[in-house]
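Take a look at the chain below. We will go through it step by step, from the inside to the metal site.

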Amino acid sequence: MRFRVLGSGSTGNATLIEGGGTRILIDAGLGPRSLAERLLSAGVDPTSLAAIFVSHEHGDHAGGAASFSAKWGVRLCGTRGTYAAAAFGATELAGYDVLEAGASRRVGALTVTTIRVPHDAAGPLAFVVECDGHAIGHATDLGHIGPGLVKAFRACDAVLVESNYDPGMLRDGPYPWSLKERILGAYGHLSNGDVGRYLASGLGDACRTVVLAHLSQKNNHPELARMAAEEALRRRGRSEVRLELSAEEGTGWIVVSRPPGEPRRDGRQLRLF
Ligand SMILES: [Zn+2]
Ligand SMILES: [Zn+2]
């Protein structure tokens, strides 16, 4: 199982996940042409996608979803709230599967579980994607990390989480105060410190890779996000966890599968035969 961020941040989010021959996207916030180009440069034919899971209706996550769905014949999946708020009903889609928060859905070889997250959107979701005993947790755009998300991500081998802003940079930055309040609020975005607290106290023992995503260009600096996460992992005695930051244009492939026979840190040995 492997994944690859194709775009991250306010200019457009999309993450490609592949396992057991099935490929899905989480979010399609890039224009359909640039999303297709980034898929092709990752060696993936856009028509080979089994589905696009849309986390919420904001343009940087859903902006390219309808036209991509229509052009390449790929179904969308999301909540009823996302469908209505993104006005997906006004467009010709290849199809739309309604997701309920807290439920699981099988797509080919992948199982996708949804978790409701606190964000100022109509039905925002985080996801856990599983394949053959491995799992990836994916959470962008949320005001805080609640116990439900911590629990859902506990057994994940890799976690992608937003590290959106540094509070000092946000307060001193160019945004109007109303927008600053929104970002800082319980239904806004995660700060570097929020992520640090999660890594220090909530990260599951099975996790080997953490990807920091959706960094604000105006209110954060990659080195601040990295330092906060590294410090938290060190405090937790987890310096062996691989830490990656996603740039706006994404990452390379990140392989999640564990080498055969290597024991899990949480003590659960995978069955090899
Ligand atoms: Zn966003
Ligand atoms: Zn959002």
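**Core, pocket and metal**

In this predicted model, the largest nonpolar core holds 29 residues. Those with the most contacts inside this core are Leu 149, Phe 153, Val 159, Leu 199, Leu 203, Val 210 and Leu 212. Several helices and strands build the core. At least two residues each come from β9 (125-131), β10 (134-139), α5 (147-153), β11 (158-162), α8 (192-201), β12 (209-213), α9 (222-235) and β13 (242-245). The largest share, four residues, is supplied by α9. In soluble globular proteins, nonpolar side chains tend to be buried together.

Now pick out Val 210. Beyond its neighbours within four places in sequence, Val 210 is in contact with Val 159, Leu 199, Leu 203, Val 241, Arg 242, Leu 243 and Glu 244. Apart from the largest core lies another core, of 24 residues. Ile 24, Leu 99, Leu 110 and Phe 127 are among them.

Next comes the largest pocket. Its volume is about 280 Å³. The lining has 18 residues, and Ser 10, Asn 164, Tyr 175, His 189 and His 214 lie nearest the centre. By type, the lining divides into four nonpolar, 10 polar and four charged residues. Helix α7 (residues 177-184) gives the largest share of the lining, three residues.

His 214 leads on to the metal. Which residues coordinate the zinc ion (ligand 1)? They are Asp 60, His 61, Asp 141 and His 214, at 2.2 to 2.8 Å. The histidines bind through NE2, the aspartates through OD. In sequence, the donor residues follow the spacing D-H-x79-D-x72-H. Asp 60 and His 61 are buried. A second zinc ion (ligand 2) lies 3.8 Å from the zinc ion (ligand 1). Asp 141 coordinates both.

Key
Residues numbered from 1 in each chain as written. Chains lettered and ligands numbered in written order. Predicted model: local features only at pLDDT ≥ 70, side-chain atom pairs only at ≥ 80, totals over all residues. Heavy atoms only, no water. Donors = N, O, S within 2.8 Å, 3.2 Å for Na, K, Ca; no water. Buried < 20%, exposed > 50% of the residue type's maximum accessible area, 1.4 Å probe, protein only. 1 Å grid on protein atoms, 1.4 Å probe; cavity = no way out; pocket = protein on both sides within 12 Å on 5 of 7 lines; lining within 4 Å. Points joined across faces, edges and corners; volume = space filled by probe spheres on them. Nonpolar A, V, L, I, M, F, W, Y, C, P; charged D, E, K, R; others polar. Core = buried A, V, L, I, M, F, W, Y, C linked by side-chain atoms within 4.5 Å. Contact = heavy atoms within 4.5 Å.
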